[in-house]
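Me: Please take a close look at one part of this model, the aromatic side chains, and work outwards from there to the elements around them. I would like one connected account rather than a list.

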Amino acid sequence: MQNKWKFAAAVGIMMLMLQGLNAQVLEQDSLALVAFYNSTGGQGWNNNNNWLTGPVSSWYGVTVEVDRVVHLGSSGGFAFNNLTGQIPIEIGQLTALEKLTIGNNPGLAGNIPDEIGNLHLLIGLGIGNCSL
């Protein structure tokens, strides 16, 4: 009987460890990304692999470190990706974002939202060849 409890405890500890390895991003980051997807015509992107279906860290063009989104448009992934519409105000909720690379999408139009000023860690902004 004692071995059964040890086994159950070991399985429980392993499950907790695995959850830590497959951790998700903060809810505010996830919601901001969903707003970005919806506002920029995500269903019509040339590549929207795993968006809204898999873990956020597997979404095409998204880089996650620890539990925060740090790069949107990773490795030029959003260049020529048919982003259309506007950058949503929710972009300002990605407060750990260091790089936003969404250039070469002429269908991306409108004003750059003031909320982008909330991105105090932003060191790279690629928005060339858009209609912003």
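Reply: W45 has a relative accessibility of 5% in this predicted model. The cut-off for buried is under 20%, so W45 counts as buried. Its ring pairs with that of Y37, edge-to-face, with 5.2 Å from centre to centre and 70° between the planes. An angle over 60 degrees is what earns that label. Y37 is itself buried, because its relative accessibility is 7%. A second pair, W51 with F78, is arranged in another way: the ring centres are 6.3 Å apart and the planes meet at 50°, so this pair is tilted. W51 sits in the loop between α2 and β1, and F78 in the loop between β2 and β3, so the contact of their rings ties together parts 27 residues apart in sequence. Both W51 and F78 are buried.

These residues belong to one aromatic cluster, made up of F36, Y37, W45, W51, W59, Y60 and F78. In total the model has 9 aromatic pairs.

Two members of the cluster, F36 and Y37, are also among the buried residues of α2, so the helix is the next element to consider. Helix α2 covers residues 27–39, which is 13 residues. At 1.5 Å a residue it should span 18 Å, and the C-alpha atoms at its ends are indeed 18 Å apart, so the expected and modelled lengths agree. The expected figure takes 1.5 Å times one less than the number of residues. Besides F36 and Y37, the buried residues of the helix are D29, A32, L33 and A35. Their cover includes two strands, β1 (62–65) and β2 (68–72). Just after the helix, G41 adopts a positive phi of about 70°.

A35 shows what else lies against α2. It is a residue of that helix and is buried, with a relative accessible area of 16%. Once neighbours within four places in sequence are set aside, A35 is in contact with P88 and E90. P88 is 53 residues away from A35 in sequence, yet the two C-alpha atoms are 6.5 Å apart in space.

The strands that help cover the helix belong to an open sheet of 4 strands, in the order β1-β2-β3-β4 and with mixed pairing. β1 and β4 are the edge strands; each has a single partner strand, so one side of each has no neighbour in the sheet. From one strand to the next the twist averages 30°. β1 and β2 pair in the antiparallel sense over 4 bridges, and V64 stands opposite V69 in β2. α2 packs on this sheet, where it touches β1 and β2, and its direction makes about 30° with that of β2.

F78 leads in another direction, to N105. N105 lies in the loop between β3 (99–101) and β4 (124–126) and is buried, with a relative accessible area of 1%. Its side chain reaches two backbone atoms: the oxygen of F78, at 2.7 Å, and the nitrogen of N81, at 3.0 Å. Apart from residues within four places in sequence, the contacts of N105 are F78, A79, F80, N81, N82, L83, N129, C130 and S131. F78 thus appears twice in this account, once through its ring, paired with W51, and once through its backbone oxygen, reached by N105.

One further residue in the loop between β2 and β3 is worth adding, namely G92. It is buried, with a relative accessible area of 7%. Leaving out residues up to four places away in sequence, G92 touches E115, N118 and L119. Its C-alpha atom is 8.2 Å from that of D114, a residue 22 places away in sequence.

As for the setting, the chain has 2 helices and 4 strands, in the pattern α-α-β-β-β-β along the sequence. Of its 132 residues, 33% are buried. Among contacts between residues at least 6 apart in sequence, 61% join residues at least 24 apart.

Conventions
Residues are numbered from 1 along each chain as its sequence is written. This is a predicted model: local features need pLDDT of at least 70, side-chain atom pairs count only at pLDDT 80 or more; totals for chains, interfaces and linings use all residues. Side-chain values use heavy atoms; hydrogens and water are left out. Buried means under 20% relative accessible area, exposed over 50%, partly exposed in between (1.4 Å probe, protein chains only). Contact means heavy atoms within 4.5 Å. A polar contact is a pair of N or O atoms within 3.5 Å; within protein, one must be able to donate a hydrogen and the other to accept it, and residues adjacent in sequence count only if both atoms are side-chain atoms. Rings of Phe, Tyr and Trp (its six-membered ring) pair if their centres lie within 6.5 Å; planes under 30 degrees apart count as stacked, over 60 as edge-to-face and the rest as tilted. Two strands pair if DSSP finds at least two bridges between them. Axes are lines fitted to C-alpha atoms, for helices over the stretch in contact, and angles run from 0 to 180 degrees between N-to-C directions.
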